[in-house]
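Please open the model in your viewer and keep the selection tool at hand, since this tour moves from one selection to the next.

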Amino acid sequence: MGDDDEHNSSSDEGRKEVNIYPLSCYYFGSKEAIVFKDETVSDRITRMKSNYAAYGLRTSVEAVLLVELFKHPHLLLLQLNNSIFKLPGGRLRPGESDIDGLRRKLSNKLSASRDGNETEWEVGECLGMWWRHDFETLLCPYLPPTVKKPKECTKLFLVRLPDSRKFIVPENLKLLAVPLSQVHENHKTYGPVISGVPQLLSKYSINIIDI
């Protein structure tokens, strides 16, 4: 075995695999709209302070869902008002576990029934965590030792999709498949969390499964 072969072999060791299926394997429908709070930045900060005083650290969980289109991996994103992109997920209830909360949120946003079967989502490993150091700061992918009381934590989980599924999306949201290459470091369009997803996936071998 040559030096190049040894290098390639060692570089593949320990890489996890994730299988993705064609977008055409999935059905997309719509359901009743979800009501979102129409608030200013000032309103949001006030609400965050109130919630923090009542419950402490706010924890959100979001799903990384992958499909194949044109032989390339695509990330499923929710779009609101033709401008705001979000990973599916949301805030945990007090005392709720990460996995149970993410399954609940995925059923709420992407299943026919908002009280759907919470065991149908295969929630995998946590890919990364983002922190809001203070109420008026942006989310950061690290927590400095000087910050003793962060205000928010957002956790990203890889959710493996089966080879078929019905996605039933609230009618005021769009579910889009966006190429990872388009998302990568595109902070302006997708924000720091979503644009960092391709880097978080670099430790995986992505296998495209033809059906």
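**Aromatic rings and a pocket**

Select Tyr 26, Phe 28, Trp 121 and Phe 167, which together form one aromatic cluster. This is a predicted model, in which local features need pLDDT of at least 70 and side-chain atom pairs count only at pLDDT 80 or more, while totals for chains, interfaces and linings use all residues. Residues are numbered from 1 along each chain as its sequence is written, and side-chain values use heavy atoms, with hydrogens and water left out.

Keep Trp 121 in view and add Arg 165, whose charged end sits over the ring of Trp 121 at 3.9 Å from its centre; this term requires NZ of Lys or CZ of Arg within 6 Å of the ring centre and within 35 degrees of the ring normal.

The structure holds 5 aromatic pairs, where rings of Phe, Tyr and Trp (its six-membered ring) pair if their centres lie within 6.5 Å, and planes under 30 degrees apart count as stacked, over 60 as edge-to-face and the rest as tilted. Select Tyr 52 and Phe 135 next: their ring centres are 5.7 Å apart and their planes stand at 85°, so the pair is edge-to-face. Tyr 52 is partly exposed, with a relative accessible area of 23%, whereas Phe 135 is buried, at 12% (buried means under 20%, exposed over 50% and partly exposed in between, with a 1.4 Å probe and protein chains only). Now add Lys 151, which lies over the face of Tyr 52, at 5.2 Å from the ring centre.
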